[in-house]
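Please open the model in your viewer with side chains available for display. The tour below proceeds by selection, one stop after another.

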Amino acid sequence: MSLRYEEIAEIMKIIDSSACDEVIIETGDVKLVVRRGGASAPATVPTAPIASSSSPSVVSSKPVAATPAATASMAATKSGKEVVAPMTGTFYRAPSPDKPPFVEVGSIVRAGQPLCVIEVMKLFTTINAECDGRIVQIAAENSELVEFGRVLFVIEAT
């Protein structure tokens, strides 16, 4: 049995809204460890947290499949709509190192147009624009580790 991205995201939301500091889920060949605030790992867990922060982090000893069709979440802001990371992973502005970035500040985008990719354990997920508009801010650096919910882009509706 494997865990889908949506299931992991839901587990992280539950942990984040509770007083619980750590949850360990083992199902067959998958072991998922979710910790709040980068709590130190017990000596029996062989892996380390991805990043320390006040939000939950995910540690997995086996690959966990993310939904390839995952799209960016949008939240209204004063200056536009924020495109946030739907998962924790490495942010890439281009489809490959030898290709130009998907978008630049000032680029006009259409709903469904690729904005970036996020890599999680060698699985690349394309993040698409959910609305038409103009890119007014790129809030992450290329090859930077981004956490779930982090703002990646701000799109001003046109």
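Begin by selecting Glu 119 and Lys 122, whose side chains form a salt bridge in which the closest N and O atoms are 3.9 Å apart. Bear in mind throughout that this is a predicted model. The two partners differ in their surroundings, because Glu 119, with a relative accessible area of 13%, falls under the 20% limit for buried residues, whereas Lys 122 counts as exposed at 68% relative accessibility.

Keep Glu 119 selected and add Tyr 92, since the side chains of Glu 119 and Tyr 92 make a polar contact of 3.2 Å. If you expand the selection to the contacts of Glu 119, leaving aside neighbours within four places in sequence, you should find Gly 89, Thr 90, Tyr 92 and Phe 124.

**The hairpin around Glu 119**

Now show the backbone as a cartoon and find strand 8, where Glu 119 lies; this strand spans residues 114–120. Strand 8 pairs with strand 9 in the antiparallel sense, over six bridges, and the bridge partner of Glu 119 in strand 9 is Phe 124, a residue that is also among the contacts of Glu 119. The hairpin formed by these strands has two residues between them, and Met 121 there takes a positive phi near 55°.

**Two further salt bridges**

The structure holds five salt bridges, and two more of them deserve a selection here. Which residue forms a salt bridge with Arg 134? Select Glu 156, whose closest approach to Arg 134 between N and O atoms is 2.9 Å. Arg 134 lies in strand 10 and Glu 156 in strand 12, so this pair ties together parts of the chain that are 22 residues apart in sequence. Both ends are partly exposed, Arg 134 with a relative accessible area of 30% and Glu 156 at 32% relative accessibility.

Next select Asp 132 and Arg 110, whose side chains meet in a salt bridge at 3.7 Å, N to O. Here the link runs between loops: Asp 132 sits in the one between strand 9 (123–128) and strand 10 (133–138), and Arg 110 in the one between strand 7 and strand 8, with 22 residues separating the pair. Asp 132 is partly exposed, with a relative accessible area of 34%. As background to these stops, side chains of opposite charge can pair when their charged atoms come close.

**A buried arginine**

Move on to Arg 93, in the loop between strand 6 (89–92) and strand 7 (108–109). Is Arg 93 buried or exposed? Its relative accessible area of 18% makes Arg 93 buried, because buried means under 20%. Display the backbone oxygen of Val 103 as well, which lies 2.8 Å from a polar atom of the Arg 93 side chain. Beyond four places in sequence, Arg 93 touches Pro 101, Phe 102, Val 103, Glu 104, Leu 115, Ile 138 and Asn 142.

**The nonpolar cores**

Leu 115, one of the residues touched by Arg 93, leads to the largest nonpolar core, which has 20 residues and in which Leu 115, Leu 152, Phe 153 and Ile 155 touch the most other members. Helix 1 (5–16), strand 8 and strand 12 (151–156) are the elements that give two or more residues to this core. Centre the view on Phe 153, whose contacts, again leaving aside neighbours within four places, are Lys 81, Glu 82, Val 83, Phe 91, Val 103, Leu 115, Cys 116, Ile 135, Gln 137 and Ile 138. A second, separate core of six residues includes Ile 8, Met 12, Ile 15 and Leu 32.

While you are here, select the cysteines Cys 116 and Cys 131: Cys 116 is buried at 0% relative accessibility, and Cys 131 is buried at 14%. The count of disulfides comes to zero.

**Stepping back**

Finally, clear the selections and look at the whole chain, which has one helix and twelve strands in the order α-β-β-β-β-β-β-β-β-β-β-β-β along the sequence. Buried residues make up 37% of the 158 residues, and among contacts between residues at least 6 apart in sequence, 55% join residues at least 24 apart.

Definitions and conventions. Residues numbered from 1 in each chain as written. Predicted model: local features only at pLDDT ≥ 70, side-chain atom pairs only at ≥ 80, totals over all residues. Heavy atoms only, no water. Helix = DSSP H or I, 4+ residues; strand = E, 2+ residues; numbered from the N terminus. Buried < 20%, exposed > 50% of the residue type's maximum accessible area, 1.4 Å probe, protein only. Polar contact = N/O pair within 3.5 Å; in protein donor to acceptor, adjacent residues only side chain to side chain. Contact = heavy atoms within 4.5 Å. Disulfide = S-S within 2.5 Å. Core = buried A, V, L, I, M, F, W, Y, C linked by side-chain atoms within 4.5 Å. Salt bridge = Lys/Arg side-chain N within 4 Å of Asp/Glu carboxyl O. Pairing = 2+ DSSP bridges.
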